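Here is a guided walk through a protein structure for someone new to reading them. Keep the picture open beside the text and look up each residue as it comes along.

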Amino acid sequence: MKFGGTSMAGTERIRRVANIVRKQAAGGNEVAVVVSAMAGETDRLVNFCREANALYDPAEYDVVVASGEQVTSGLLALTLQSLGCKARSWLGWQIPVKTIEAHAKARIESIDAPEMVAAMEAGEIAVVPGFQGISEDGRVTTLGRGGSDTSAVAVAAAVKADRCDIYTDVDGVYTTDPRIVAKARKLKAVTYEEMLELASVGAKVLQTRSVGLAMKEGVRIQVLSSFVGDDAVSADELPGTLIVSDEEMDELVEKGLMERQLVTGIAHDKNEAKVILTRVPDKPGAVAHIFEPLAEASINVDMIIQNVGRDKGETDVTFTVPQADLARAQALLEDRRGEIGFNRIITDSKIAKISVVGVGMKSHAGVASTMFRALSDRGINIQAISTSEIKVSVMIDEDETELAVRVLHTAYGLDATD
Ligand code: ADP
Ligand code: ASP
Ligand code: MG
């Protein structure tokens, strides 16, 4: 069981969580619970780091931001004990959750938890702070924002759980963010592949890595709400959204429990920024000069457009990077101005990426053209386009995000009818 920040925000909510956990345990289950920091707490801690030192050391940043989950794991264990349950917390370094790669965006390499499993078998509820791990050299690490989802899936795989229930503040995965589109529809099931794509283009209900890990390890995920009354149906009756394999989805469709749609969902992302390099020489090697230094600095480039060459053998190159990396990207490119040979760098953070996702696209034409027509009918200008096998994304002005998501939701027939 995993509980997100809103579910853990304050002792009263933690008591509600403890009651949900107690019921699962009382049903004869061995339970591990992964918790997030209280809502807003990680942002608060990140700000402290920025105030202390603008160019903070990521290893010390991890020490600071990992503390939010330490607090909630201890509080949940205490609350469970107050309800008469046996429970204890297991911090990342105690289990241990071994991680590799950079601080602040570490990746889980392994969880070998014989002691924790033995305690669970003996009837003790294991409470695990999400988001945190330990590096090869014994230092505290964190998994990147939203990382408690990944902790939960990794713990589920390590203890060979029957299911990984991810409790949050909405009752499942919807056709789009239900906070933006009131007519969004809850999905009974989504395939791993589609959920992976939706998460990677901005549907923050699950961290992208958690879905990739679940797919690789075959972990069954259910997304459901922790904001339910005492009379709510049990999680075992699967009231939320299941993340399933293609085969399982086929079975659900055959049984008439799911309808096959061309587009499964729509997501938006306001965290990218646009960079335009003007008058780049139109010759072999030019784009390599641009993107190599960005790759070396681990800056993830997403959409790329190289405009048709204009006179004098020059062209403009446009691409997007995460907003958080924009200043670094700009500095790196300025440093290499001579080598690349561009004229000006123009940047814009006020952009958004809107994506439509669905496996149906593999075999059907017309998904992209429906998107372009629907946006143009509302006067929304498309600045860039990118596609994959099951996704079409467009870059637009940030101010038009909500409108674009609503218009597309209607255009693909996803609006709820009741
Ligand atoms: P938690 O704190 O539980 O990890 P998050 O805030 O990370 O919760 O994720 C839940 C939020 O994800 C919801 O409140 C909702 O606004 C947002 N969201 C975005 N896209 C979707 C979607 N397609 N379905 C459901 N929720 C979505
Ligand atoms: N507390 C961390 C964050 O806010 C991890 C999580 O909640 O998933 O990013
Ligand atoms: Mg989250």
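What follows is a tour of the two ligands, some salt bridges and two residues with their contacts. Keep in mind from the start that this is a predicted model.

## Ligand 1 and its surroundings

Let us begin with ligand 1, which has 16 residues around it. The closest of them are Thr168, Asp169, Tyr174, Asp177 and Arg179. What kinds of residue make up this shell? It divides into 6 nonpolar, 5 polar and 5 charged residues.

Several side chains come up to oxygen atoms of ligand 1. Asp177 places a polar side-chain atom 2.9 Å from an oxygen atom of the ligand. For Lys204, the distance from a polar side-chain atom to an oxygen atom of ligand 1 is 3.3 Å. The side chain of Lys2 also has an N or O atom 3.3 Å from an oxygen atom of ligand 1. How much of ligand 1 does the protein bury? On its own the ligand exposes 570 Å², and the protein buries 88% of that.

## Ligand 2 and its surroundings

Now find ligand 2. The residues surrounding it are Ser36, Thr42, Glu69, Phe131, Arg145, Gly146, Gly147 and Ser148. By type, this shell contains 1 nonpolar, 5 polar and 2 charged residues.

Both side chains and backbone take part here. A polar side-chain atom of Arg145 is 2.7 Å from an oxygen atom of ligand 2, and an N or O atom in the side chain of Ser36 is 2.9 Å from an oxygen atom of the ligand. Gly146 takes part through its backbone, with a polar atom 2.8 Å from an oxygen atom of ligand 2. Alone, ligand 2 has 260 Å² of accessible area, and the protein covers 85% of it.

## Salt bridges

How many salt bridges does the structure hold? There are 22. Three of them are listed here, with the N to O distance for each.

| Residue pair | N to O distance |
|---|---|
| Arg44 and Glu41 | 3.0 Å |
| Arg163 and Asp165 | 2.8 Å |
| Lys350 and Asp399 | 3.1 Å |

Take Arg44 and Glu41 to begin with. Both belong to helix H2 (residues 41-52), and because they are 3 residues apart there, about one helical turn separates them. Arg44 is partly exposed, with 43% relative accessibility, and Glu41 is also partly exposed, at 21%.

In the next pair, is Asp165 buried or exposed? Asp165 is buried, because its relative accessible area is 4% and the cut-off for buried is under 20%. Its partner Arg163 counts as partly exposed at 21%. This pair also belongs to something wider: Arg163, Asp165 and Asp236 are linked in a network of salt bridges.

The remaining pair in the table is Lys350 and Asp399, whose closest N and O atoms are 3.1 Å apart. Lys350 sits in the loop between strand E17 (345-348) and strand E18 (351-357), while Asp399 sits in the loop between strand E20 (391-397) and helix H14 (401-411), so this salt bridge ties together parts that are 49 residues apart in sequence. Lys350 is partly exposed, at 42% relative accessible area, whereas Asp399 is exposed, at 58%.

## Thr142, a buried residue

Next, look for Thr142 in strand E8 (residues 140-142). With a relative accessible area of 0%, Thr142 is buried. Leaving aside residues up to four places away in sequence, Thr142 touches Tyr61, Asp62, Val65, Ala66, Ala104, Lys105, Ala106, Phe131 and Gln132. One of these contacts deserves a second look: the side chains of Thr142 and Asp62 are joined by a polar contact of 2.6 Å. Another, Phe131, has already appeared in this tour among the residues surrounding ligand 2.

## Asp415, after H14

The last stop is Asp415, in the segment after H14. Which residues does Asp415 touch, beyond those up to four places away in sequence? They are Lys183, Arg185, His409 and Thr410.

Two of these contacts join polar side chains. Asp415 and His409 share a polar contact of 2.5 Å between their side chains, and the side chains of Asp415 and Thr410 are joined by one of 2.8 Å. Arg185 shows how a chain can bring sequence positions together: Asp415 and Arg185 are 230 residues apart in sequence, and their C-alpha atoms are 6.7 Å apart in space.

Key
Residues are numbered from 1 along each chain as its sequence is written. Chains are lettered from A and ligands numbered from 1 in the order in which they are written. This is a predicted model: local features need pLDDT of at least 70, side-chain atom pairs count only at pLDDT 80 or more; totals for chains, interfaces and linings use all residues. Side-chain values use heavy atoms; hydrogens and water are left out. A residue is near a molecule or strand if one of its heavy atoms lies within 4 Å of it. A polar contact is a pair of N or O atoms within 3.5 Å; within protein, one must be able to donate a hydrogen and the other to accept it, and residues adjacent in sequence count only if both atoms are side-chain atoms. Accessible areas come from the Shrake-Rupley method with a 1.4 Å probe; for residues, only the protein chains shown count as cover. Ala, Val, Leu, Ile, Met, Phe, Trp, Tyr, Cys and Pro count as nonpolar, Asp, Glu, Lys and Arg as charged, and the others, Gly among them, as polar. Helices (H or I, at least four residues) and strands (E, at least two) are DSSP runs, numbered from the N terminus. Buried means under 20% relative accessible area, exposed over 50%, partly exposed in between (1.4 Å probe, protein chains only). Contact means heavy atoms within 4.5 Å. A salt bridge is a side-chain nitrogen of Lys or Arg within 4 Å of a carboxyl oxygen of Asp or Glu.
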